[in-house]
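Visitor: I am new to this structure and would like to look closely at one part of it. Could you choose a strand, take me slowly through its surroundings, and then set a few other places beside it?

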Amino acid sequence: MSTSSRGTNLSAAIDFTYRYAAPSRVEPSGRGGAQLSLATCSADHAQPYFFDGRMRHPRMVGEMLHVLSDVVRTHFFLPRPALLDPVLTSNEDILRLEGFSGCCGVYARVDLPSSAFDGERQGRGTTNVDFNVDMRNALLRLRDDEDVAFAVGAEEVVLSRGADRTVEKKVKLPLRWIKGFSEVQAYQPRLELKMEVSAAEALRFVRTLPQASRPKMPSYAASVGRSIRLSQRPQKGAVPILGTHRVKVVEPLLLRAQSLKVWADDSSGASAWEVCYPQGSFFLMISPEVYRGFSGEGQVLSALARPPSELVIAKVRASLKWQSQLDTGLLAPALGLDVDEVTGALAVLGARGLAGFDANARQYFHRELPFDLAKVEEMQPRLGAARQLVEAGKIRPLGGVGTFAVQGTGTEHHVRLSEDQDVCTCPWFSKHQGQRGPCKHILAASLVCNGADGHDA
């Protein structure tokens with residue numbers, strides 16, 4: 001995968017080329033079975049060879065990968081073309097594949113633990129994998145009574161066999177897609193498990209969901225005994241759904257699954273729908289509203305405005321070795337840091353694309369997105385505006401602890417920072433009440449409290 005120098009406008013997209021030594025494919029093998037090979041493409045143009053083994057449940061894996069591919073090819077809000085290959089992270093314990101919908105309002109992740117395969121992983125790292133039309137169609141033909149070998153990465157480790165063996169996909173990689181990976185990590189630590197039902201009950205529920213989108217009329221998933229029901233009225237413990245068609249994408253997976261877990265963040269309205277199997281899971285997270293992509297939420301801004309020191313962040317980053325779980329309770333004493341410092345550093349590293357979050361384990365995991373996130377903060381206009389306020393001297397402390405006056409356009413706004421909730425008197429905060437992340441005035445106050453202008457965040 002290479003980055004074109006033409007992509008200098010950070011508000012639009014970057015020209016990207018996905019370069020694969022061969023296309024992903026499913027083909028007959030010499031053993032009378034089938035071979036599923038996922039071609040990979042990394043930032044250094046090499047084709048990492050992560051894994052070669054045998055699937056224990058070919059149909060399950062095929063269906064999960066197919067639905068993941070559906071998500072990354074779909075725009076759930078406005079019809080636009082989307083062709084973005086998923087990101088894969090590998091280590092000895094688990095294979096994870098992640099992706100976003102074209103509108104960035106739906107995040108999907110497939111988790112395949114080592115127990116899903118017979119074989120040994122041969123690499124650690126993060127890469128893209130090719131999801132082409134022929135491979136997608138073949139995934140749905142996999143059967144459990146087949147002997148299916150599974151390989152991640154081409155046998156040729158480097159591009160050295162001529163252009164006729166190279167598959168290139170030139171795409172406009174939207175920066176909202178890159179920002180979405182950063183933002184979604186800020187939501188997931190706040191998710192709470194609201195209900196878990198059997199796959200059969202979940203299937204009955206999902207089949208009742210309307211396919212047509214009603215973006216301004218929320219529905220609610222309510223737990224009733226051991227089942228789940230759709231309601232049009234809010235009630236205690238119910239999970240709001242705006243855009244039920246986004247949840248329906250998991251329907252094909254529930255025929256052979258074990259259960260469905262429903263997660264929610266009460267403060268924002270974001271929810272997650274996790275299809276669980278004996279070995280593996282499919283995690284689907286939807287934004288609070290259909291028209292809201294995760295990329296524009298601004299939840300990550302607080303972590304960027306109040307980061308730990310760069311020394312702390314550097315220590316934590318140096319300890320990252322593609323672990324499937326990053327236990328802050330173990331990392332902190334090993335690094336000579338407090339747990340809060342490690343947690344804060346991981347939040348910043350998550351914003352930089354260097355960590356994901358597993359809601360089930362309640363822990364981060366290491367992965368490095370195969371995109372250049374060196375200018376991730378330049379993609380955050382609110383943070384840039386906050387820095388300008390600080391640099392222009394338009395913020396001054398008031399009498400109370402954590403209270404500030406910030407000069408706005410023709411008026412002065414008052415900010416109060418607290419552990420419970422930061423508040424501001426500006427119209428933007430009054431409208432969103434913190435659900436779209438902090439306003440620029442709160443960010444400016446946070447930068448002052450942090451003793452820096454935030455350029456090192």
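Guide: Let me begin with a term: two strands are said to pair if DSSP finds at least two bridges between them. Strands (E, at least two residues) and helices (H or I, at least four) are themselves DSSP runs, numbered from the N terminus. The model is predicted, so local features need pLDDT of at least 70 and side-chain atom pairs count only at pLDDT 80 or more, while totals for chains, interfaces and linings use all residues. Residues are numbered from 1 along each chain as its sequence is written, and side-chain values use heavy atoms, with hydrogens and water left out.

The part I suggest is strand E8, which spans residues 94-100 and is mostly covered, with 7 of its 7 residues buried (under 20% relative accessible area with a 1.4 Å probe, protein chains only; over 50% is exposed, and in between is partly exposed). In a regular strand the side chains alternate between the two faces of the sheet. In E8, one face carries Ile94, Arg96, Glu98 and Phe100, the other carries Leu95, Leu97 and Gly99, and the residues of both faces are all buried.

Consider next the strands beside it. Strands of a sheet pair through backbone hydrogen bonds, either parallel or antiparallel. Strand E7, residues 87-90, pairs with E8 in the antiparallel sense over 4 bridges, and in this pairing Val87 stands opposite Glu98 of E8. The chain passes from E7 to E8 by way of a hairpin through 3 residues. E8 is also joined to strand E9, residues 106-113, by 7 bridges, and these two strands run antiparallel; one of the partnerships sets Gly99 against Ala108 in E9.

The link between E8 and E9 deserves a pause, for these strands form a hairpin with 5 residues between them, and Cys104 lies in its turn. Cys104 has a positive phi of about 65° although it is not a glycine. This residue of the loop between E8 and E9 has 0% relative accessibility, and therefore counts as buried.

Within E8 itself, the residue to look at most carefully is Glu98. With a relative accessibility of 0%, Glu98 counts as buried. Its side chain makes a polar contact (a pair of N or O atoms within 3.5 Å; within protein, one able to donate a hydrogen and the other to accept it, with residues adjacent in sequence counted only if both atoms are side-chain atoms) with the side chain of Tyr107, at 2.6 Å. Leaving aside neighbours within four places in sequence, the residues in contact with Glu98 (heavy atoms within 4.5 Å) include Leu68, Pro86, Phe181, Gln185, Phe365 and Arg367. Val87, Thr89, Tyr107, Ala108 and Arg109 are also among the contacts of Glu98.

Another glutamate may be set beside Glu98: Glu63 is found in helix H1, residues 58-72. Glu63 is buried, with a relative accessible area of 10%, and touches Pro252, Leu253 and Arg256, not counting residues up to four places away in sequence.

A further hairpin can be read in the way just used for E8. Strand E21 (355-358) is covered on both faces, with Ala355 and Phe357 buried on one side and Gly356 and Asp358 buried on the other. E21 pairs with E22 in the antiparallel sense over 4 bridges, and Ala355 stands opposite His366 in E22. Between these strands lie 4 residues of a hairpin, in which Arg362 takes a positive phi near 60°, although Arg362 is not a glycine. Arg362, in the loop that leads from E21 to strand E22 (363-366), is partly exposed, with a relative accessible area of 38%.

Farther along the sequence, 4 strands form an open sheet in the order E23-E24-E25-E26, with antiparallel pairing. Its edge strands, each pairing on one side only, are E23 (395-397) and E26 (423-424). Strand E25, residues 412-416, is joined to E26 by 2 bridges, and the bridge partner of Val415 is Cys424 in E26.

Last comes a helix, H12, which covers residues 440-449 and is mostly covered, with 7 of its 10 residues buried. Those buried residues of H12 are His441, Ile442, Leu443, Ala444, Ala445, Ser446 and Leu447.
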